[in-house]
Amino acid sequence: MCTRFVFRGGGDVVTGFNFDIDLAVWEHTVLADEERFCIGIKMPDGLYHTYHGVNASGGAGTLLYVHPNEKASEFGAPGSVAISELTERYVRGECTFSEVLETVRQKRIVYAPDASMQSMLSDRNGRALMIEPGVGSRLEEGRYALVTNYSLLDPASTRPYIVPGDDRYERAKEILELADERFGVEDALRLLREVRQEGLWATRVSFVYSAKENGVYYALNNDFSHIRENRFKTR
């Protein structure tokens with residue numbers, strides 16, 4: 001369970017992400033330097049894969065669970081690209097936003113094995129692309145873009161999977177709707193704190209990227225009283 005948004009303000013583009021995960025199932029770590037800020041998840045190959053994060057060029061990517069879709073399950077099919085691979089390449093700065101747009105136009109986007117995921121990718125200019133394998137993709141217009149673990153591109157299909165009491169999307173949307181042009185890092189952190197999760201799938205990492213400040217502000221394990229910073233190399 002995760003929450004991701006992008007807000008396009010008057011003088012800045014701010015993106016925020018709450019990483020919610022079950023520690024009994026997944027091992028994770030924060031990887032931060034002047035080139036990128038990432039949440040690494042240890043996979044069966046023994047490596048920490050970076051499906052969530054932002055790089056020094058302002059490319060931010062996140063991969064969120066969504067309900068299964070049979071049309072997206074043919075991993076390895078000719079002409080297909082796994083959403084996990086595409087997202088990680090973007091986070092690592094190995095492809096541009098324009099190249100991702102071309103990929104989703106030309107290739108079939110599918111799930112990785114045993115994992116139904118959707119992705120939101122954004123750039124430092126505030127362009128935000130929602131990709132749901134088997135459904136399609138869409139550039140999110142307006143002042144903000146927002147997603148949790150339910151389908152934005154096919155809302156009707158996701159209704160049977162909504163967890164009772166899970167109103168993260170509605171609460172975040174209300175905050176973003178009321179935000180003005182001054183919305184910044186502190187406002188974004190307050191939003192993440194408002195929709196944080198506790199219990200088994202608690203929020204383990206919360207981060208905010210500011211294009212104007214060229215850096216990331218983050219909190220660990222819901223401790224929003226201790227905000228850490230990671231500055232990127234100027235480009």
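**Notes on strand E6, the cores and helix H4**

1. A good place to start is the pairing of strand E5 (residues 48–55) with E6, which is antiparallel and rests on 2 bridges. Please keep in mind that this is a predicted model. Within this pair, Gly 53 has Gly 61 of E6 as its bridge partner. The two strands make a hairpin with 4 residues between them, and Gly 58 in the turn shows a positive phi of about 90°.

2. E6 also has a partner in strand E9 (residues 117–122): the two run antiparallel and are joined by 6 bridges. Here Leu 64 stands opposite Gln 118 of E9. As for exposure, E6 (residues 60–65) is mostly covered, with 5 of its 6 residues buried.

3. Now to the interior. The largest nonpolar core counts 43 residues, and Phe 19, Phe 37, Val 54, Val 100, Ile 131, Phe 207 and Val 216 have the most contacts inside it. Beyond its neighbours within four places in sequence, Val 216 touches several residues, among them Phe 37, Val 54, Phe 207, Arg 228, Glu 229 and Phe 232. A second, separate core has 19 residues, including Phe 5, Ala 172, Phe 183 and Leu 191.

4. Finally, do look at helix H4 (residues 168–178), whose buried residues are Arg 168, Ala 172 and Leu 176. These lie on the same side of H4 because they cover an arc of only 50° around the axis. The face turned away from that buried side carries exposed Glu 174 and Leu 178. Strands E1 (2–8), E2 (13–20) and E12 (144–147), together with helix H5 (185–194), are among the elements covering the buried residues of H4.

Technical notes: Residues are numbered from 1 along each chain as its sequence is written. This is a predicted model: local features need pLDDT of at least 70, side-chain atom pairs count only at pLDDT 80 or more; totals for chains, interfaces and linings use all residues. Side-chain values use heavy atoms; hydrogens and water are left out. Buried means under 20% relative accessible area, exposed over 50%, partly exposed in between (1.4 Å probe, protein chains only). Two strands pair if DSSP finds at least two bridges between them. A nonpolar core is a set of buried Ala, Val, Leu, Ile, Met, Phe, Trp, Tyr and Cys residues joined through side-chain atoms within 4.5 Å. Contact means heavy atoms within 4.5 Å. The arc is that of the directions from the helix axis to the C-beta atoms.
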